[in-house]
Amino acid sequence: MKVNLKIISSAVVLADTKCEELQEKILVKKMMLRRRLTRSSRIAVYLASKVGYGHERIVFGTAYGEVNATADIIESIYNKTLISPTAFQNSVHNTPVSYLSMLSENMGEMTTVSDLFNTSLSVLKTGAIKALKGDRILLLNIDAFNFKFIEQMNRCGVSKLESGVALMVEVTQEEANIYIEDERYGEVSPSLWQMLEIYNKAEKLSNPVLEVEI
Amino acid sequence: MAMLKSKEIYIQAMSASCCAGVSKEEIYESLLLSKSGIKKHKDFLIDGSLSAIGKIDSPHSFENIMLEQVEDVLKSSELESFHNTFLLVGSSVGGMAWSEEQFIGSGGSCIDIDLNRQSIYSISHTLNKKYGFKDSITFSTACTSSSNAIVFAKELLESGACEEVLVVGADSISLTTVNGFNALGVLSDECATPFDRDRTGMNVAEGVGVILLGSMPSDIKLVGVGCSSDAHNITHPHPEGNGAKSAMQNALDNANLDASSIDYINAHGTGTTANDRAEGRAIISLFPNRPLVGSTKSITGHTLGACGTIELIISAMVLKNQTVPQNFNLKNQELEELNLPIENISIEIKFALSNAFAFGGNNVSIIIQKVSDES
């Protein structure tokens with residue numbers, strides 16, 4: 001089955017170690033809340049602002065989740081020291097979109113998928129099926145893993161340790177002009193490759209329409 | 001243009017395992033007989049104190065327990081294989097317990113951690129290797145993970161993209177979840193007492209729930225799903241249960257039902273002060289006809305990302321047997337307006353609603369129907 005998605009807007013962030021221009025002070029006015037945001041949450045809030053996010057439903061994808069919080073917890077367990085409640089509450093995969101729902105006061109559906117290197121494909125397939133209801137959907141794909149054990153874990157040689165792609169989409173009957181061809185981006189986590197490929201192709205087109213095969 | 005079309009979707013087969021039993025029949029019997037699977041353990045909290053946990057009592061590994069449940073569903077279905085079946089997994093911890101072992105065993109190093117075994121994806125990796133599914137997607141939204149997988153299963157089937165969907169909810173006990181909930185101050189050192197005025201918190205548990213959905217008629221139909229976000233707080237639900245109410249209303253709308261149709265609600269009912277009060281208030285406000293309400297977590301524990309499938313299976317067993325289990329351990333009900341049975345009640349039940357709520361205010365409600373012989 002094929003679903004065509006019109007790409008209404010798109011945005012990307014890629015950084016070697018840390019995205020610096022995420023406009024947190026403008027986008028998250030409450031200081032206490034701002035301080036609690038994880039790195040992925042900050043990227044999510046920034047990307048959402050770049051694609052004109054309002055109250056759309058969200059399909060979010062992350063392969064590794066909140067690795068900083070997870071590493072803090074597992075180290076505390078190993079060292080038998082107190083676990084930070086904030087680290088635990090921030091450790092679930094849906095943390096970024098939960099903060100986004102609070103900041104945008106959006107009570108709509110937000111789901112999170114995680115399929116390691118297939119994560120961006122899962123975001124696209126899930127989003128395509130959800131979009132069949134006829135509303136706009138925000139597709140978000142983020143992995144931020146600049147954490148203390150990255151040198152032990154980074155076996156793919158990924159150099160962009162923070163990366164994210166956002167696509168605002170809706171179902172269309174128009175003919176597709178973007179097809180997923182599994183291009184490789186060695187410096188970026190494979191969990192984002194398909195979303196990044198679509199972003200790059202969409203940027204060159206005036207009316208990008210993506211074909212998703214499920 | 002393909003759109004989502006209303007389609008009759010049925011539970012074709014189901015199987016479950018948790019601390020209260022290693023089959024859906026055993027779990028349901030434990031609920032009727034008030035045989036809780038929660039036991040006190042010394043091995044999980046880092047300070048060495050006792051915690052009340054729902055661990056599956058089995059010589060098999062958690063992975064093998066999960067594979068047994070999936071095999072059970074395959075055998076009791078009419079399928080020869082899962083080659084044309086879409087797999088949807090719901091899990092909040094994936095291979096976390098394995099990673100903890102590696103990390104601690106190697107003296108605090110990640111060098112031996114294999115992403116295929118560590119990540120949330122580890123479950124579908126294992127299942128795909130054995131069964132070769134048509135395709136798979138893994139949902140990870142904390143305690144609503146497998147509920148969100150069921151929501152998507154309904155949408156996938158309505159889209160016509162596939163004929164059968166296997167939903168697997170699975171979460172094993174990990175040091176991270178036990179100590180994490182303890183850090184939040186919501187872990188009870190006794191068996192949980194959901195909806196009780198004197199409740200002391202929740203019991204972390206492990207479990208697997210497997211549901212095969214498709215269009216072949218059976219006695220249990222999946223009729224409605226509803227999702228919402230609290231948009232309120234990262235761990236605390238909205239005090240009036242606004243997000244919970246919205247998810248239940250969305251499920252009713254999706255099923256084309258009004259609130260008075262619901263006969264039984266399997267509540268999320270974790271046993272924490274905040275959850276039970278918010279959920280209770282939402283139910284009271286949305287269901288003036290006072291359907292029977294039960295939390296089964298004092299028997300099964302809170303199986304985290306697996307609770308969506310396990311408690312939908314329990315709700316299906318309630319519909320099949322037309323008997324609602326008692327709320328075990330409930331002595332001093334907090335919200336008087338809730339209709340919480342303290343003994344098993346046999347009564348005609350046509351529609352059951354099952355709730356699951358998660359960190360970040362992620363809410364899912366699912367409605368199933370008993371299909372009578374005449375209909």
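A cavity here is a set of grid points where a 1.4 Å probe fits but cannot get out, and its lining residues have an atom within 4 Å of a point. With that in hand, let us walk through this predicted model, starting from the empty space inside.

The structure holds three cavities of 30 Å³ or more, and the largest encloses about 620 Å³. Forty residues line this largest cavity, and those nearest its centre are A:Tyr64, A:Val67, A:Thr70, B:Met96 and B:Gln118. Chain A contributes helix H4 (67-79) and helix H8 (150-153), while chain B brings helix H3 (96-105), helix H4 (115-118) and helix H7 (175-183), each supplying at least two residues of the lining. H4(A) gives the most, with four residues. As for chemistry, the lining comprises 26 nonpolar, twelve polar and two charged residues.

Now turn to the contact between the two chains. Chain A puts 55 residues into it and chain B 64. Together the chains bury about 5,000 Å², with 69% of that area on carbon and sulfur atoms. Ten residue pairs are in polar contact between chain B and chain A, and three salt bridges cross the interface. You can find a salt bridge between the side chains of B:Glu155 and A:Lys130, at 2.9 Å from N to O.

On the chain B side, the elements that each supply at least two residues include H3, H4, H7, strand S5 (135-139) and helix H6 (145-159). H7(B) provides the largest share of this side, seven residues. The residues on the side of chain B that touches chain A divide into 30 nonpolar, 28 polar and six charged.

Definitions and conventions:
Residues numbered from 1 in each chain as written. Chains lettered and ligands numbered in written order. Predicted model: local features only at pLDDT ≥ 70, side-chain atom pairs only at ≥ 80, totals over all residues. Heavy atoms only, no water. 1 Å grid on protein atoms, 1.4 Å probe; cavity = no way out; pocket = protein on both sides within 12 Å on 5 of 7 lines; lining within 4 Å. Points joined across faces, edges and corners; volume = space filled by probe spheres on them. Nonpolar A, V, L, I, M, F, W, Y, C, P; charged D, E, K, R; others polar. Contact = heavy atoms within 4.5 Å. Buried area = accessible area lost by both parts, 1.4 Å probe. Salt bridge = Lys/Arg side-chain N within 4 Å of Asp/Glu carboxyl O. Polar contact = N/O pair within 3.5 Å; in protein donor to acceptor, adjacent residues only side chain to side chain.
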